[in-house]
Amino acid sequence: DHWGWGKRGAGGGGLDEVRTHWGFLGIEGDCFKASFKCISRTMKYLDCPSLSAASAELAGVDLGDHLLDVKLEAYSCKIAGIDKKLTRSLEQRYMDVLSASSPQLSCSPVGPLTDPSSRRLLINLICTLNASNPDHDFSNISVDQLSREKDTNMVITRIDSALETAYHILGRSYRERLWNAVDQVIRVHECEIYSFSADEDSEDSVDGRLWSFHVLFYNRKMKKVLLFSCASVMHTSDVVLDDEDVQFGMDD
């Protein structure tokens, strides 16, 4: 597997046979968009001072010819009130469509889409991306743009490698403060971890980004998602790059 680290994020799930879009699940048009916005509101932003402080230190670090653009945010997945009724309604609609769909839908990075818990997880991950990026709509992403990361320590190592220069600038103690803040909020080693790979038409491909990563830590017991997204952006952001993708192999 590969992370979507690079100017042109590649689908990391290796599920070419699935290519499952939300439209394929039968939820299309204005009705779907309105419903999805309602679901997005259930993702409550969690104010975490230590996480905000770590993010503020890292964001905007000047690495010479480029800067770091960082999102380090936590959200609650708890659903209440009218949103519960909406979610149940969408679940039933998914079931109706899936019952007539390909058996290949039993395989996806978030688990079998025939399983309600897998569909809820997929909704939570997409809603987190939407909540953290209000100017973008991730409702039509393909399932194979998500990859399940099996090795927590490897994920941390890859992030540390990408941020090595920033750590040097911010001082040796910064890395410890960063991961302490993340662990305090989400308990990293209790999480399911997913990486998101942007497609070639996304902003990662055109706005002068040298590399980027988008990692979602999901703690099922705590009902929280933490998004750690970082991009290396050129000072002259309107320059279109021709650099090769920066990808890192992930061991099984």
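F138 and F196 are both buried in this predicted model. Their ring centres sit 5.7 Å apart with the planes at 80°, so the pair counts as edge-to-face. The contact ties together distant parts of the chain: F138 belongs to the loop between α4 (116-132) and β3 (146-149), while F196 is in strand β4, 58 residues apart. Strand β4 (residues 192-196) also happens to be where confidence is highest, at a mean pLDDT of 97.

Another edge-to-face pair is made by F213 and F228, at 5.5 Å centre to centre and 65° between the planes. Here too distant parts of the chain are linked, with F213 coming from strand β5 and F228 from strand β6, 15 residues apart. F213 has a relative accessible area of 1%, and F228 comes in at 0%. Since the cut-off for buried is under 20%, F213 counts as buried, and so does F228. Neither ring is left as an isolated couple, as ring pairs join W179, W211, F213 and F228 into a cluster. Across the whole structure, the search turns up six aromatic pairs.

F228 shows up again in the largest nonpolar core, a set of 37 residues in which L68, L163, L178, F217, L226 and F228 touch the most other members. Quite a few elements chip in two or more residues: α2 (49-58), β2 (66-76), α5 (152-162), α6 (164-170), α7 (172-186), β5 (209-219) and β6 (224-234). Helix α7 gives the most, with seven residues. L226 gives a feel for the packing: leaving aside neighbours within four places in sequence, L226 is in contact with L51, L72, E73, A74, V182, V185, I186, V215, L216 and F217. Apart from this core lies another one, of 23 residues, including M43, C127, L146 and L227.

As for how far the model can be trusted, the protein chain averages a pLDDT of 74, and 62% of the residues score at least 70. The low point among the elements is helix α1 (residues 29-40), with a mean of 44. Over residues 4-41 the pLDDT is below 50, although this stretch still has 101 contacts in the model beyond near neighbours in sequence. Residues 237-252 likewise stay under 50, with 41 contacts beyond four places in sequence. Where pLDDT is low, the predicted coordinates should not be read in detail.

Note on methods:
Residues are numbered from 1 along each chain as its sequence is written. This is a predicted model: local features need pLDDT of at least 70, side-chain atom pairs count only at pLDDT 80 or more; totals for chains, interfaces and linings use all residues. Side-chain values use heavy atoms; hydrogens and water are left out. pLDDT is the predictor's confidence in each residue, from 0 to 100. Helices (H or I, at least four residues) and strands (E, at least two) are DSSP runs, numbered from the N terminus. Contact means heavy atoms within 4.5 Å. A nonpolar core is a set of buried Ala, Val, Leu, Ile, Met, Phe, Trp, Tyr and Cys residues joined through side-chain atoms within 4.5 Å. Buried means under 20% relative accessible area, exposed over 50%, partly exposed in between (1.4 Å probe, protein chains only). Rings of Phe, Tyr and Trp (its six-membered ring) pair if their centres lie within 6.5 Å; planes under 30 degrees apart count as stacked, over 60 as edge-to-face and the rest as tilted.
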